[in-house]
Amino acid sequence: MFSKIATRLVQTAQSEIQLLKYHRQPTINVRYFSDVVNWGDLLNVDIIQYVSQKKVVNCPLGHRRHLLGIGSVLAASNHNSVVWGSGFISEQQRITEAPRKICSVRGPLTRDLLLKQDLKCPEIFGDPALLLPEIYPLVAPVEKPYQLGIIPHYEHQDHPWIQKMHQDSRVCIIDIRQKDSVHFLQQLLNCECIASSSLHGIIASDAYQVPNCRLVFKEMRSFKFEDYYKGVGIDSFTSIDMKQSESLSIENVIDSCSIKPIQFDAQALKQAFPYQLFHA
């Protein structure tokens, strides 16, 4: 606990220095998970800077007015929070301090939990990461060098099956622990199919219409996946239980991958962005 508090204090000091450094240009405070390098969380920088046209500065303590954007960070809300695209990580989570405003959320399961707390929440859904092709209009190669791309959540990097797949030349293991979005997306687009235990590996695949499926490792929560999918009109999706991974071939995985017919209104999500609350 002490080390986590110390980390937050150091991060906050760094953020305050950034605000001083960028005082001559528009900035926007964003509170996102930053304890480990995780591409899905760092997308807050790419996407919010694109939509707001302001320099993103992390606000780890939430002590200034800030945006809660990409990620299962909604339970961290306080009176300084403005919510745009966030979600809960489980159906047990609740908000302990109401945010200043809720503009949109990841999906309807998150919205239902907010309504149970008598909090107003519009029916505007979709993870902001779905805006990626608008920011990075990358084109996949005609001949893709890999039959399968695997995107393990950072907690699953050392799983025996993942380590085994490193040895297969038909497979690209895409490390979620990176900051470079263009590099990550180019790796993804080099693959015929994607299997991911990372939610944002799934979302990026859906955004670029790469056939994909979910890998389910032990004790993984499904709430955020179901919340995302229901928010884009998908009621069922294919998952592979990694308890049987000893006999799992890449052919089995590829056969489980498909392109999802997602329904996403990018314009509605961008119009829901709280420009007026961050106009300074």
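## A tour from helix α2 outwards

Start by selecting helix α2: eleven of its 14 residues are buried, so the helix is largely enclosed by the rest of the structure. Buried here means under 20% relative accessible area, while exposed is over 50% and partly exposed lies in between (1.4 Å probe, protein chains only). Helices (H or I, at least four residues) and strands (E, at least two) are DSSP runs, numbered from the N terminus.

Before going on, some housekeeping. You're looking at a predicted model, where local features need pLDDT of at least 70 and side-chain atom pairs count only at pLDDT 80 or more, while totals for chains, interfaces and linings use all residues. Residues are numbered from 1 along each chain as its sequence is written, and side-chain values use heavy atoms, with hydrogens and water left out.

**Stop 1: along α2**

Pick residues 39-52, the extent of α2. From first C-alpha to last, α2 reaches 20 Å, close to the 20 Å expected at 1.5 Å a residue; that expected span is 1.5 Å times one less than the number of residues. Show side chains for the buried set, which includes Trp39, Leu43, Ile47 and Val51, and also Asp41, Asn44 and Asp46. Just past the end of the helix, click Gln53, which takes a positive phi of about 60°.

**Stop 2: the two domains**

Now colour by domain: domain 1 is 1-128 + 266-277, and domain 2 is 133-256. These bounds come from an automatic or database domain assignment. Their C-alpha centres lie 25 Å apart. Across the boundary, 28 residues of domain 1 are in contact with 24 of domain 2, where contact means heavy atoms within 4.5 Å.

**Stop 3: the largest core**

A nonpolar core is a set of buried Ala, Val, Leu, Ile, Met, Phe, Trp, Tyr and Cys residues joined through side-chain atoms within 4.5 Å. The largest one has 68 residues, and the members touching the most others are Ile47, Trp84, Leu132, Ile150, Trp161 and Leu188. Helix α2 supplies the largest share, six residues. Each of the two domains contributes at least three residues to this core.

Zoom in on Leu132. Leaving aside neighbours within four places in sequence, Leu132 is in contact with Trp39, Leu43, Ile47, Leu185, Ala204 and Tyr208.

From there, hop to Tyr208, in the loop between α7 and β9. At 13% relative accessibility, Tyr208 counts as buried. With the same four-place exclusion, its contacts are Leu132, Pro133, Tyr136, Leu138, Leu185 and Leu189. Try a distance label to Leu185: the two are 23 residues apart in sequence and 9.0 Å apart in space, C-alpha to C-alpha.

**Stop 4: the five-stranded sheet**

Switch to cartoon and find the open sheet, ordered β7-β6-β8-β9-β10 with parallel pairing. Strands β7 (171-173) and β10 (239-241) stand at the edges with a single partner strand each, so one side of each has no neighbour in the sheet. From one strand to the next, the twist averages 25°. Two strands count as paired if DSSP finds at least two bridges between them.

For a closer look, take β8 (residues 191-196) and β9 (residues 212-216), paired over three bridges. Ser196 has Arg214 in β9 as its bridge partner. Helix α7 (residues 199-207) packs on this sheet, touching β6, β8 and β9, and its direction makes about 175° with that of β9. Such angles run from 0 to 180 degrees between N-to-C directions, with axes fitted to C-alpha atoms (for helices, over the stretch in contact).

At the edge, select Val171 in β7. Is Val171 buried or exposed? It counts as buried, at 7% relative accessibility. Beyond residues up to four places away in sequence, Val171 touches Tyr146, Leu148, Ile150, Met165 and Ile250.

**Stop 5: β4 and its partners**

Go to strand β4 (residues 81-86), where six of the six residues are buried, so the strand is largely enclosed by the rest of the structure. Three bridges join β4 to β3 (residues 66-68) in parallel, with His66 opposite Ser81. Four more parallel bridges pair β4 with β5 (residues 101-105), where Val83 faces Ile102 as its opposite number.

**Stop 6: helix α3**

Finish at α3 (residues 108-116), whose buried residues are Pro108, Leu109, Thr110, Arg111, Leu113 and Leu114. Their cover includes β4, β5 and α8 (223-231). After the helix comes Asp118, with a positive phi near 60°.
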